[in-house]
Amino acid sequence: MSTIEIEGLHKSFGALEVLRGIDLAVEPGEVVCVIGPSGSGKSTLLRCVNLLEQPTAGTIRVAGVEVTDPDCDIDAVRRGIGMVFQQFNLFGHLTVRENVTIAQRRVLKRGRAEADRITAENLRRVGLAEKAAAYPAQLSGGQQQRAAIARSLAMSPRLMLFDEPTSALDPELVGEVLAVMRALAGEGMTMLVVTHEMAFAREVANRVVFMDAGVIVEQGPPAEVFGRPREERTREFLHRVLEPTRVRPAD
Ligand SMILES: Nc1ncnc2c1ncn2[C@@H]1O[C@H](COP(=O)(O)OP(=O)(O)OP(=O)(O)O)[C@@H](O)[C@H]1O
Ligand SMILES: [Mg+2]
């Protein structure tokens, strides 16, 4: 059974059709990276998986449960899905430890001792054990994002969704977050990752999906999509993003 199975997914915002027929499956243990230009519908696709956006048409199954069925217990499905955004959304008035523990206690109803143990385990996993007592404002952006990842992992998800988790970070902090994600992939976590980090996608993804204007233009192993893209639109996009940034003369 696929971890995610999307068939004929359409999503419109008013007259704007943002997803125009997406078919995509993600298998257990697979790391799928979604790339594509701004506005192509990548975030909308991700948000449809846990119904943060309501699809206009199509079906989505998560571990065999059809989330697009009106009778689906979406809260139960969401408990199995970790989501990490560009913005970390940590509670500023809680310590890192409390941020990672709170949903385990309230949503999963774990006892204090078990939740504390799982929190410690996951803070260690993301290299933040020594920051457990710190408040988010006392952390760097990279540390905050790692705390947000620990918080998701502490919920024991079967699936992690990442939406550009490093794009709000200063360049020197990107690597530490990608390293955590790489380790997670190595442990066999099923991951659907929207990213602008082409080197990461190339190295870590089992499959790369290129989206443009609400459709999947092509997908395949990274070596194929990056090395010999079949579609002109893919070539043009890769050319644009992989081209070394030119230094512009000061005004
Ligand atoms: N809640 C909304 N209401 C109206 N339009 C929306 C909404 N969310 C997204 N859109 C529009 O849908 C299109 C796709 O947006 P989406 O955020 O999915 O793109 P994206 O591929 O994630 O882009 P980026 O790389 O910039 O994050 C855009 O034109 C956006 O303006
Ligand atoms: Mg986006």
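Which residue forms a salt bridge with Asp116, and how far apart are the closest N and O atoms? The partner is Arg112, with the closest N and O atoms 3.5 Å apart; this pair is shown in the first view below.

This is a predicted model, in which local features need pLDDT of at least 70 and side-chain atom pairs count only at pLDDT 80 or more, whereas totals for chains, interfaces and linings use all residues. Residues are numbered from 1 along each chain as its sequence is written, chains are lettered from A and ligands numbered from 1 in the order in which they are written, and side-chain values use heavy atoms, with hydrogens and water left out.

**View 1. Salt bridge between Asp116 and Arg112 in helix α4.** A salt bridge is a side-chain nitrogen of Lys or Arg within 4 Å of a carboxyl oxygen of Asp or Glu, and by this rule the count comes to 12. Asp116 and Arg112 are four residues apart in helix α4 (residues 112-125), so about one helical turn separates them. Helices (H or I, at least four residues) and strands (E, at least two) are DSSP runs, numbered from the N terminus. Asp116 has a relative accessible area of 29% and is therefore partly exposed. The terms for accessibility are buried for under 20% relative accessible area, exposed for over 50%, and partly exposed in between (1.4 Å probe, protein chains only).

**View 2. Asn122 in helix α4.** With a relative accessibility of 2%, Asn122 counts as buried. A polar atom of its side chain lies 2.9 Å from the backbone oxygen of Ile118. A polar contact is a pair of N or O atoms within 3.5 Å; within protein, one must be able to donate a hydrogen and the other to accept it, and residues adjacent in sequence count only if both atoms are side-chain atoms. Leaving out residues up to four places away in sequence, Asn122 touches Ala150, Leu153 and Ala154, where contact means heavy atoms within 4.5 Å.

**View 3. Salt bridges of helix α9.** The side chains of Arg233 and Asp212 meet in a salt bridge (3.4 Å, N to O). Arg233 lies in helix α9 and Asp212 in strand β9, so this pair ties together parts that are 21 residues apart in sequence. Arg233 is partly exposed at 39% relative accessibility, whereas Asp212 is buried, with a relative accessible area of 18%. A further salt bridge joins the side chains of Glu232 and Arg235 (3.3 Å, N to O). Both of these residues lie in helix α9, three residues apart, or about one turn of the helix. Glu232 is exposed, at 52% relative accessible area, and Arg235 is partly exposed, at 38%.

**View 4. The aromatic pair Phe210 and Phe237.** The structure holds one aromatic pair. The ring centres of Phe210 and Phe237 are 5.1 Å apart and the planes are at 35 degrees, so the pair is tilted. Phe210 belongs to strand β9 (residues 207-212) and Phe237 to helix α9 (residues 232-242), so that distant parts of the chain, 27 residues apart, are linked. Rings of Phe, Tyr and Trp (its six-membered ring) pair if their centres lie within 6.5 Å; planes under 30 degrees apart count as stacked, over 60 as edge-to-face and the rest as tilted. Phe210 and Phe237 are both buried.

**View 5. Surroundings of Lys42 and Thr195.** Lys42 is found in helix α1 (residues 42-49) and is buried, with a relative accessible area of 5%. Among the residues that Lys42 touches beyond four places in sequence are Val34, Glu164 and Met211. Thr195 lies in the loop between β8 (190-194) and α7 (198-204) and is buried at 4% relative accessible area. A polar atom of the Thr195 side chain lies 2.9 Å from the backbone nitrogen of Glu197. Contacts of Thr195 beyond four places in sequence include Cys33, Val34 and Glu164.

**View 6. The largest nonpolar core.** A nonpolar core is a set of buried Ala, Val, Leu, Ile, Met, Phe, Trp, Tyr and Cys residues joined through side-chain atoms within 4.5 Å. Of the 48 residues in the largest core, Ile35, Ile149, Met160, Phe162, Met181 and Met191 touch the most other members. Helix α6 (residues 171-186) contributes the largest share of this core, eight residues. A second, separate core of 30 residues includes Val77, Ile81, Val194 and Ile216.
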